[in-house]
Amino acid sequence: MGRVNATTPTGPAGPAGPTDPLAAFAALRTPEGAELLAGLRDHDPARELATATRLRRSHPADLVSAALGQARLRQRAVAKFGAEDAHRMFFTPNGVEQATRTSVATYRAERFARLGGVRSVADLCCGIGGDAIALARAGIRVLAVDRDPLTAEVARANAAALGLAGLIEVRCADVTEIDTSPYDAVFVDPARRGGRGRIFDPEAYSPPLSWATAAALKAPRAALKIAPGVPHEAIGPRAEAEWISDGGDVKEAVLWFGEGFAPGSFRATLLPSAATLVAAAPLPAPPVGPVARYLYEPDGAVIRAHLVADIVERCGGWLIDETIAYVTSETPYESPYTTAYEITDRLPFGMKKLKALLREREVGVLTVKKRGSAVEPEELRRRMKLRGPHSATVFLTRVAGAPTMLIGHPVGR
Ligand SMILES: C[S@@+](CC[C@H](N)C(=O)[O-])C[C@H]1O[C@@H](n2cnc3c(N)ncnc32)[C@H](O)[C@@H]1O
């Protein structure tokens with residue numbers, strides 16, 4: 001048993017030193033730990049030292065530092081899980097970092113649930129349970145597996161804290177030893193971070209993408225979560241690949257296998273609306289031409305899924321440069337997949353010219369967008385010395401290979 005003991009605290013001035021993480025976590029779930037954590041819900045991290053000193057007068061030092069650490073993680077987790085869940089759940093630093101946010105996990109779980117016939121899922125690499133929770137809330141029974149004992153314990157505590165223990169069985173094991181044959185589907189979210197940070201090579205994921213793909217192909221249906229930047233060549237012809245963004249930020253790519261999915265197709269899905277764009281095969285290269293009256297910035301999921309050509313076709317336009325994902329057209333086009341701008345000025349790149357133009361137009365608020373330019377938006381804004389009642393958007397980009405500035409404003413504003 002580690003130094004923090006659930007029933008016999010070490011006393012107000014408990015000895016300092018390393019603590020068994022499982023024992024420290026168990027202590028947090030005792031009535032005393034729960035009370036401490038509840039009291040830290042809205043605590044100000046800037047006052048952590050003073051708070052720790054005060055709490056150590058009446059609680060064991062190890063428990064106080066575990067509670068403060070957990071309170072910090074809960075505050076970080078609010079962005080992913082929302083305040084209501086985050087303050088009932090438990091986290092590890094890696095667990096909160098790597099967990100799927102609720103919006104994306106729910107979307108994926110519901111896609112599984114809508115298929116019908118998916119009543120149980122083996123969640124291989126469950127972490128602290130982000131996906132397992134969403135699957136259970138979609139009415140699916142889950143076997144949640146993680147080889148890290150503390151992470152598995154935290155996943156178990158989260159299932160209990162959210163009233164989902166009846167649907168989620170957590171097992172601490174290596175996923176390569178799990179028999180997934182009793183389950184209707186498999187979900188794999190390999191660890192993509194190692195001791196040296198983010199891992200880009202899919203074969204260096206734990207477990208490697210080739211293992212995860214083989215596990216997926218053995219199951220009637222499967223989903224693999226991968227990095228959104230994964231090279232398309234790594235995907236293979238048997239998966240439907242989907243890129244998911246939330247609020248305009250690309251969050252992940254997921255490969256779907258089995259009945260009900262479309263192998264070889266590429267999909268972009270935008271949350272929260274769940275608007276979804278799909279192409280059955282790679283699209284031909286779109287035309288390129290001069291900047292017209294309207295400019296469209298496709299959502300990142302559309303770009304990652306290589307579906308910009310689809311937008312070009314829908315709006316009857318063309319690209320401004322064959323290597324840049326800005327689409328242009330003479331007539332306005334409204335779509336959930338792009339943000340539309342009306343372009344008023346086109347200038348060759350140059351700080352002086354831009355400054356003069358913004359002064360003449362009395363622009364006090366400047367949004368800087370860039371694609372194919374190395375200029376730092378903050379630095380540019382600082383050098384413009386903006387003053388005036390108007391706002392504008394500047395695009396720093398390339399048009400037919402030439403560094404160019406396009407000035408305009410969002411359509412409808
Ligand atoms: C990206 S996280 C999973 C996050 C999870 N989907 C969530 O939303 O909370 C990956 C997890 O895989 C676990 N893992 C890596 N290799 C494993 C293996 N061979 N067997 C079991 N778990 C493994 C790690 O411990 C880590 O918790």
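Good morning. I begin with one residue: Pro-207 sits in the loop that connects β6 (197–198) and α9 (209–218). The peptide bond between Ser-206 and Pro-207 is cis, and its omega is about -10°. Please bear in mind throughout that what we are looking at is a predicted model.

There is another cis bond to point out. Leu-271 and Pro-272 are also joined by a cis peptide bond, with omega near 10°. Pro-272 belongs to the loop between β10 (266–271) and β11. One further backbone detail concerns Cys-125, whose phi is near 80°, a positive value in a residue that is not glycine. Cys-125 lies in the loop between β1 and α7.

Let me now step back to the overall layout. The chain is divided into domain 1, residues 21–88, domain 2, residues 97–279, and domain 3, residues 294–410. Between the centres of domain 2 and domain 3, taken over C-alpha atoms, there are 36 Å. The contact between these two involves 17 residues of domain 2 and 13 residues of domain 3.

I turn next to the sheets, starting with the one of nine strands. This is an open sheet with mixed pairing, and its strand order is β3-β2-β1-β4-β7-β9-β8-β10-β11. Which strands form its edges? They are β3 (168–172) and β11 (275–279), each of which pairs on one side only. Ignoring direction, neighbouring strands in this sheet are turned by 20° against each other on average.

At the β3 end, we can look at a particular pair. Strand β2, residues 141–146, runs parallel to β3, and five bridges join the two. Within that pairing, Val-145 stands opposite Arg-171 of β3. A helix lies over this part of the sheet: α7 crosses β1 (120–124), β2, β3 and β4 (185–188), and runs at about 175° to β2.

The other sheet I wish to show has seven strands. It too is described as open with mixed pairing, in the order β13-β14-β12-β15-β18-β17-β16. Why do β13 (318–319) and β16 (363–370) each have one side without a neighbour in the sheet? They stand at the edges and have a single partner strand each, so the other side is left without one.

Inside this sheet, β12 (294–298) and β14 (327–329) pair in the antiparallel sense over three bridges. Leu-295, for instance, has Thr-328 of β14 as its bridge partner. Two helices pack on the sheet, and I take them in turn. Helix α11 touches β12, β13, β14 and β15 (338–348), and its direction makes about 5° with that of β14. Helix α13, residues 377–384, touches β16 and β17 (390–399), and its direction makes about 155° with that of β16.

Finally, I come to the pockets. The largest pocket has a volume of about 1200 Å³. Its lining comprises 48 residues, and those nearest its centre are Glu-97, Gln-98, Ala-99, Pro-190 and Arg-192. Which elements supply at least two residues each to this lining? They are α4 (61–86), α5 (93–98), α7 (130–137) and β9 (249–258). The largest share, five residues, comes from α5. Divided by class, the lining holds 18 nonpolar, twelve polar and 18 charged residues. Domain 1 and domain 2 each give at least three residues to it.

The second largest pocket has a volume of about 480 Å³. It is lined by 25 residues, with Ile-303, Ala-305, His-306, Leu-307 and Val-308 nearest its centre. The elements giving two or more residues to this lining are α10 (300–304) and α11 (308–315). We have already met α11 as a helix that packs on the seven-stranded sheet. By class, the residues here divide into 18 nonpolar, five polar and two charged. Domain 2 and domain 3 each contribute at least three residues to the lining of this second largest pocket.

To close, I would draw your attention to domain 2 once more. At least three of its residues line the largest pocket, and at least three line the second largest. Thank you for your attention.

Notes
Residues numbered from 1 in each chain as written. Predicted model: local features only at pLDDT ≥ 70, side-chain atom pairs only at ≥ 80, totals over all residues. Heavy atoms only, no water. 1 Å grid on protein atoms, 1.4 Å probe; cavity = no way out; pocket = protein on both sides within 12 Å on 5 of 7 lines; lining within 4 Å. Points joined across faces, edges and corners; volume = space filled by probe spheres on them. Helix = DSSP H or I, 4+ residues; strand = E, 2+ residues; numbered from the N terminus. Nonpolar A, V, L, I, M, F, W, Y, C, P; charged D, E, K, R; others polar. Domains from an automatic or database assignment. Pairing = 2+ DSSP bridges. Contact = heavy atoms within 4.5 Å. Axes fitted to C-alpha atoms, helices over the stretch in contact; angles between N-to-C directions.
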